[in-house]
Amino acid sequence: MKTLNIALLQLAPCGTLEGNLEKGTAACRRARALGADIALFPEMWSNGYNIYGRPVDQWKAEAVSIDGKFVNAFGLLARELGMAIGITFLEAYEGGARNSMVLFDRFGRRQIAYAKVHTCDFDVERNLMPGEGFYTAALDTRCGPVKVGAMICFDREFPESARILMLQGAELILVPNACPMEINRLSQLRARAYENMLAIATCNYPDSVPDCNGGSSVFDGVAYLPEADGSRDTCILQAGGAEGIYLAGLDLDQLRRYRACEVHGNAYRRPQKYGLLLDAKVDPPFLRENC
């Protein structure tokens, strides 16, 4: 059995970039000692997603370069530990800022550089620049290559995000998060895993962080097993609210057998019938500004 160990770093930020670098580094070392193959941070770890109730120019000034010391420190750490690291940060980008994640492989090589596509434009995130698309990479792991994709928080609420990653071949989607993980958001993650036959690992901030409650999770997407009657619970990890490092073992062999034989994902899609999804001229049935 090939088991990919995923560590969700459900940490409270320290209030400074340097403090978050130090605490994040220590957490990655601990995750590796626990046997992790991948460590994932919550959303915008560089400044602890501290963008609410502050002047926009103030928090934008905290943005860091994708090629700067903070991000590259985790690339060097990934190589030292032999463990992939998904580090999140407020990215300085072309005169603005983005909500970004870089996934380094166990050799310290940058495999994915992703900026949140579905920024929360109904709130303060309207001041961020959205990303341009969704990306996957064949991540070299102890278990061999694993096709990994990324989306961030609000991206989860759009089925198209996970669907595109599935069509790109993703077996695992990493989801940094910073909001309350209540029943409906958890149901979205469960549904994205089920309908695309892939695993989804989400890392949130603990309940000591305002407007967060922990609840980091991993859904493996395997709803049925040949030897079992009925369906199974696809949730293989559900953290409580406390700060900590939560480790889940993803059975890659089981997931791949399931993807080869089951009926979801891309097996019976009829994309020729979905043209309306791409028609930007369609008037939506509701608009937020009418509320």
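A salt bridge, as I will use the term, is a side-chain nitrogen of Lys or Arg within 4 Å of a carboxyl oxygen of Asp or Glu, and the structure we are looking at holds 16 of them. This is a predicted model, in which local features need pLDDT of at least 70 and side-chain atom pairs count only at pLDDT 80 or more, while totals for chains, interfaces and linings use all residues. Residues are numbered from 1 along each chain as its sequence is written, and side-chain values use heavy atoms, with hydrogens and water left out.

Let me begin with Lys 116 and Glu 125, whose side chains meet in a salt bridge at 3.1 Å, N to O, and which are linked with Glu 43 in a network of salt bridges. Is Lys 116 buried or exposed? Lys 116 counts as buried because its relative accessibility is 0% (buried means under 20% relative accessible area, exposed over 50%, and partly exposed in between, with a 1.4 Å probe and protein chains only). Glu 125 is likewise buried, at 0%.

A second pair is Glu 62 and Arg 54, with the closest N and O atoms 2.4 Å apart; here Glu 62 is partly exposed at 29%, whereas Arg 54 is buried at 18%.

In a third pair, Asp 67 forms a salt bridge with Arg 110, at 2.8 Å between the closest N and O atoms. This pair links distant parts of the chain, 43 residues apart, with Asp 67 in the loop between helix H2 (56-60) and helix H3 (69-81) and Arg 110 in strand S5 (residues 110-115); helices (H or I, at least four residues) and strands (E, at least two) are DSSP runs, numbered from the N terminus. Asp 67 is exposed at 52%, and Arg 110 is partly exposed at 37%.

Turning to the surface, Tyr 274, Leu 277 and Leu 278 make a nonpolar surface patch of about 370 Å². Patches are made of residues with over 30% relative accessible area and no salt bridge, like charges being joined within 9 Å and nonpolar side chains (Val, Leu, Ile, Met, Phe, Trp, Tyr) within 5 Å, and accessible areas come from the Shrake-Rupley method with a 1.4 Å probe, where for residues only the protein chains shown count as cover. Tyr 274 lies in the segment after helix H6 (252-261) and is partly exposed, with a relative accessible area of 33%.

Finally, Leu 8, in strand S1 (residues 3-10), is buried at 0% relative accessibility, and its C-alpha lies 28 Å from that of Asn 266, 258 residues away in sequence.
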